[in-house]
Amino acid sequence: IEAQGAGLPVVCTAVGGMPETYVEGKTGFGIPSATPEDLAQAVLRLVRDSKTRSSIGKKARHFARKEFGIERMLKRTLEVYQGAESIFDRN
């Protein structure tokens, strides 16, 4: 997420919670096999294609700041508190 926020495309293994942190093919690449060769292929794709790297980097920056920025965090936190408040109001 931090790399995307800095405008860098992501190359990672597509396991655990990782797929929730990027958009496949738009903000980065998740590699299901996790072999060094497959990871290297994805990285080399970005290294060799500056246009794709730049485009994905811009999208990654926008995505990370929109989905994981402070404004979103505050909004979600307030929603949780407001939801809890309604639970207590019923009792």
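**Surface patch, aromatic pair and paired strands**

Ile 70 is partly exposed, with a relative accessible area of 48%, in this model, which is predicted rather than experimentally determined. The residue belongs to helix H4, which comprises residues 70-90. Together with Met 73 and Leu 74, Ile 70 makes up a nonpolar surface patch of about 290 Å²; the 48% computed for Ile 70 is consistent with that membership, because residues enter a patch with over 30% relative accessible area.

One aromatic pair is present in the structure. Its members are Phe 63 and Phe 68, whose ring centres lie 5.9 Å apart and whose planes meet at 80°, so that the arrangement is edge-to-face, planes over 60 degrees apart being assigned to that class. With regard to solvent accessibility, Phe 63 has a relative accessible area of 16% and is therefore buried, whereas Phe 68, at 37%, is partly exposed.

Turning to the strands, E1 spans residues 10-13 and presents two faces, of which the covered one consists of Val 10 and Cys 12, while the uncovered one consists of Val 11 and Thr 13. Strand E1 is joined by four bridges to strand E2, formed by residues 28-31, and the two strands run parallel. Within this pairing, Thr 13, a residue of the uncovered face of E1, stands opposite Ile 31 in E2.

Methods. Residues are numbered from 1 along each chain as its sequence is written. This is a predicted model: local features need pLDDT of at least 70, side-chain atom pairs count only at pLDDT 80 or more; totals for chains, interfaces and linings use all residues. Side-chain values use heavy atoms; hydrogens and water are left out. Rings of Phe, Tyr and Trp (its six-membered ring) pair if their centres lie within 6.5 Å; planes under 30 degrees apart count as stacked, over 60 as edge-to-face and the rest as tilted. Buried means under 20% relative accessible area, exposed over 50%, partly exposed in between (1.4 Å probe, protein chains only). Patches are made of residues with over 30% relative accessible area and no salt bridge: like charges are joined within 9 Å, nonpolar side chains (Val, Leu, Ile, Met, Phe, Trp, Tyr) within 5 Å. Accessible areas come from the Shrake-Rupley method with a 1.4 Å probe; for residues, only the protein chains shown count as cover. A salt bridge is a side-chain nitrogen of Lys or Arg within 4 Å of a carboxyl oxygen of Asp or Glu. Two strands pair if DSSP finds at least two bridges between them.
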